Amino acid sequence: DPARFNLVLSDQTMPGMTGLVLATRLRGIRPDLPVILMSGFSASLTPEGLERAGVRQVLFKPLTVHQLGSAVHVALAARPA
């Protein structure tokens, strides 16, 4: 049930698919769903690719709980009511 989710937080590197591929697929299902990617490596993440996939933010590891909380707050606050 795609409507049950308010936010997706994904790592960029996963077995079977990247976070960017996941975000692209999610955008096809729910274009308004905020997606935040986390990554330790950024060479494959271009601004154009991120925008096309609908990724709202990228967090680079290591990150703090404060950085994560701030990103989640911004992503959820930007959603239409």
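Is Arg 30 buried or exposed? In this predicted model, Arg 30 is buried, because its relative accessible area of 11% falls under the 20% cut-off. The points below treat the sheet, the helices that lie across it, and two residues, Arg 30 and Gln 67.

**Sheet**
- The sheet is open and consists of three strands in the order 1-2-3, with parallel pairing.
- Strand 1 (8-11) and strand 3 (55-60) are the edge strands; each has a single partner strand, so one side of each lacks a neighbour in the sheet.
- From one strand to the next, the twist averages 25°.
- Five bridges join strand 2 and strand 3 in the parallel sense, and Ile 36 stands opposite Gln 57 in strand 3.

**Helices across the sheet**
- Helix 1 lies across strand 1, strand 2 and strand 3, and runs at about 150° to strand 1.
- Helix 3 likewise lies across strand 1, strand 2 and strand 3, and runs at about 175° to strand 3.

**Arg 30**
- Arg 30 is located in the loop that links helix 1 (19-29) with strand 2 (35-39).
- A polar atom of the Arg 30 side chain lies 2.5 Å from the backbone oxygen of Pro 2.

**Gln 67**
- Gln 67 belongs to helix 3 (residues 65-77) and is partly exposed, with a relative accessible area of 38%.
- Leaving aside residues up to four places away in sequence, Gln 67 touches Leu 59 and Pro 62.
- A polar atom of the Gln 67 side chain lies 2.7 Å from the backbone nitrogen of Thr 64.
- Gln 67 and Arg 27 are separated by 40 residues in sequence and by 24 Å in space, C-alpha to C-alpha.

Methods
Residues are numbered from 1 along each chain as its sequence is written. This is a predicted model: local features need pLDDT of at least 70, side-chain atom pairs count only at pLDDT 80 or more; totals for chains, interfaces and linings use all residues. Side-chain values use heavy atoms; hydrogens and water are left out. Helices (H or I, at least four residues) and strands (E, at least two) are DSSP runs, numbered from the N terminus. Buried means under 20% relative accessible area, exposed over 50%, partly exposed in between (1.4 Å probe, protein chains only). Contact means heavy atoms within 4.5 Å. A polar contact is a pair of N or O atoms within 3.5 Å; within protein, one must be able to donate a hydrogen and the other to accept it, and residues adjacent in sequence count only if both atoms are side-chain atoms. Two strands pair if DSSP finds at least two bridges between them. Axes are lines fitted to C-alpha atoms, for helices over the stretch in contact, and angles run from 0 to 180 degrees between N-to-C directions.
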